[in-house]
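Student: I should like to work through this model by question and answer. Could we begin with one local feature and then widen the view?

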Amino acid sequence: MSDKPDKFIDDNGLRLDGRRVDEIRPMKIDIGVLSRADGSCYLEWGKNKVLAAVYGPRTLHPRRKQIPDAALIRYRYNMASFSVEDRIRPGPSRRSVEISKVSAEAFEPVVLTKFYPNTVIDIFTEIIQADAGTRTAAINAASIALADAGIPMKGLVSACAVGKVDGQLVLDLNKDEDNFGAADLPVAMTQDGEITLIQMDGNLTQEEFKEAIEMVRAGCMEILEIQKKALYTKFGDDSSFDLTEEDLSDIQADEQLIDEDADNPANEDDEGIDEPEDIDPDEKKINEEEELDGESDEQ
Ligand code: CDP
């Protein structure tokens, strides 16, 4: 680990990497980089390098894990052993399990899971190179991979962190600012500014906290524009990513219909798309093995 710098912000108000306090690192997005995934994204953000792959919606096995009126969002955050200075032990850790859980929850308010009962939407994120802000980088990449997979969503999710160094709030912490700073506050939000993930390390006063939220909101909105631009460049500038009020009320009406359908006792026998004949024999074998060793979770 590098030594703590004497100062994080110079007399001109610039940080060690030359950024202003409210400036995010440069972000680059490539869409559809993995041919086997339904949707994928490679994202670079400063020195962070992240891959996201989305599979599904596909029938969830084992069946006892199915949600009868919605798709399950399963999210995996993983840091490659070589992504950090000190090699990371491969496999899940307390940290990666926690990040996976809260990141799945960050997408639940936007993904229209009710349209795909009994299924799973798998989101895999792999950190190839880490330099602070990897959970937010992974969420930004996952959001694009979901769009690339054609998963219906109310909008994109954008994420960024804010923190405090030298007694000042700074947007999008780099590694030194994260390691030696007084606070780290990663946030994810919808395009309407609804917060879907918030975590915090360190301390901020109430005033600082309010200011930090405004700062990170501006950061997320800037990232949203970068995400949209990447999608427009790939798929054409037809504005179909911008849901109108009318689109949202159509979605709400559809969701209501699905709810009413589920509540109707006449549909009780309807087991949805999960007929046993539909299961690929190979997949069935894998699922049986998973059931046997109790290792069906992909976390
Ligand atoms: O990456 P993020 O800011 O979301 O998570 P963190 O737990 O605050 O980690 C900050 C940074 O510390 C990571 O981005 C890595 O660069 C580094 N780190 C590490 O070197 N080894 C770990 N086991 C975990 C994090």
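Tutor: Let us begin with strand E8 (residues 183–190) and strand E9 (residues 195–198) of this predicted model. The two strands run antiparallel and are joined by three bridges.

Student: Which residue in E9 is the bridge partner of Ala188?

Tutor: E8 and E9 form a hairpin, with four residues between them. Gly193 lies in the turn and has a positive phi of about 85 degrees. Within this antiparallel pair, the bridge partner of Ala188 is Leu197.

Student: How many helices and how many strands are there in the chain?

Tutor: The chain has 299 residues, and buried residues make up 44% of them. Its accessible surface comes to about 15800 Å², with 47% belonging to carbon and sulfur atoms. Among contacts with a separation of 6 or more, 69% are between residues 24 or more positions apart. As for the elements in the chain, there are six helices and ten strands.

Student: In what order do the five strands of the open sheet lie?

Tutor: The pairing in this sheet is mixed. Strand E1 (27–31) and strand E4 (72–79) are the edge strands, each pairing on one side only. On average, neighbouring strands are turned by 15 degrees against each other, direction ignored. Read across the sheet, the order is E1-E2-E3-E5-E4.

Student: Which residue in E3 is the bridge partner of Glu44?

Tutor: Strand E2 (residues 39–45) and strand E3 (residues 48–59) run antiparallel and are joined by seven bridges. In this pairing, Glu44 has as its bridge partner in E3 the residue Lys49.

Student: About what angle does the direction of helix H4 make with that of E1?

Tutor: Helix H1 (residues 94–107) packs on the sheet by touching E4 and strand E5 (119–129), and its direction makes about 140 degrees with that of E4. Helix H4 (residues 206–235) also packs on the sheet, but touches E1 and E2. Its direction makes with that of E1 an angle of about 35 degrees.

Student: Why is E5 described as largely enclosed by the rest of the structure?

Tutor: E5 pairs with E3 in the antiparallel sense over nine bridges, and Val54 has its bridge partner in Ile123 of E5. E5 also pairs with E4, in the parallel sense and over eight bridges. A residue counts as buried when its relative accessible area is under 20%. E5 is described as largely enclosed because the number of its eleven residues that are buried is eight.

Student: Which residue in E5 stands opposite Arg74?

Tutor: The parallel pairing of E4 and E5 extends over eight bridges. Opposite Arg74, in E5, stands Asp122.

Student: Is Ile144 buried or exposed?

Tutor: Ile144 is found in helix H2 (residues 134–148). Not counting residues up to four places away in sequence, Ile144 touches Ile29, Ile31, Cys41, Gln227 and Leu231. Leu156 is twelve residues from Ile144 in sequence, with their C-alpha atoms 7.5 Å apart. The relative accessibility of Ile144 is 0%, so this residue counts as buried.

Student: Which residue has its backbone oxygen 2.9 Å from a polar atom of the side chain of Arg19?

Tutor: Arg19 is found in the segment before E1. With a relative accessible area of 5%, Arg19 is buried. Leaving aside neighbours within four places in sequence, Arg19 is in contact with several residues, including Asp172 and Glu177. The backbone oxygen 2.9 Å from a polar atom of the Arg19 side chain is that of Glu23.

Student: Which residue places a backbone N or O atom 2.7 Å from an oxygen atom of the ligand?

Tutor: The ligand is surrounded by 13 residues, the closest being Arg95, Ala132, Gly133, Thr134 and Arg135. Arg95 has a polar side-chain atom 2.9 Å from an oxygen atom of the ligand. For Arg135, an N or O atom in the side chain is 2.8 Å from an oxygen atom of the ligand. The backbone atom at 2.7 Å belongs to Ala132.

Student: What percentage of the ligand's own accessible area does the protein cover?

Tutor: On its own, the ligand has 500 Å² of accessible area. Of this area, the protein covers 76%.

Definitions and conventions
Residues are numbered from 1 along each chain as its sequence is written. This is a predicted model: local features need pLDDT of at least 70, side-chain atom pairs count only at pLDDT 80 or more; totals for chains, interfaces and linings use all residues. Side-chain values use heavy atoms; hydrogens and water are left out. Two strands pair if DSSP finds at least two bridges between them. Axes are lines fitted to C-alpha atoms, for helices over the stretch in contact, and angles run from 0 to 180 degrees between N-to-C directions. Contact means heavy atoms within 4.5 Å. Buried means under 20% relative accessible area, exposed over 50%, partly exposed in between (1.4 Å probe, protein chains only). A polar contact is a pair of N or O atoms within 3.5 Å; within protein, one must be able to donate a hydrogen and the other to accept it, and residues adjacent in sequence count only if both atoms are side-chain atoms. A residue is near a molecule or strand if one of its heavy atoms lies within 4 Å of it. Accessible areas come from the Shrake-Rupley method with a 1.4 Å probe; for residues, only the protein chains shown count as cover.
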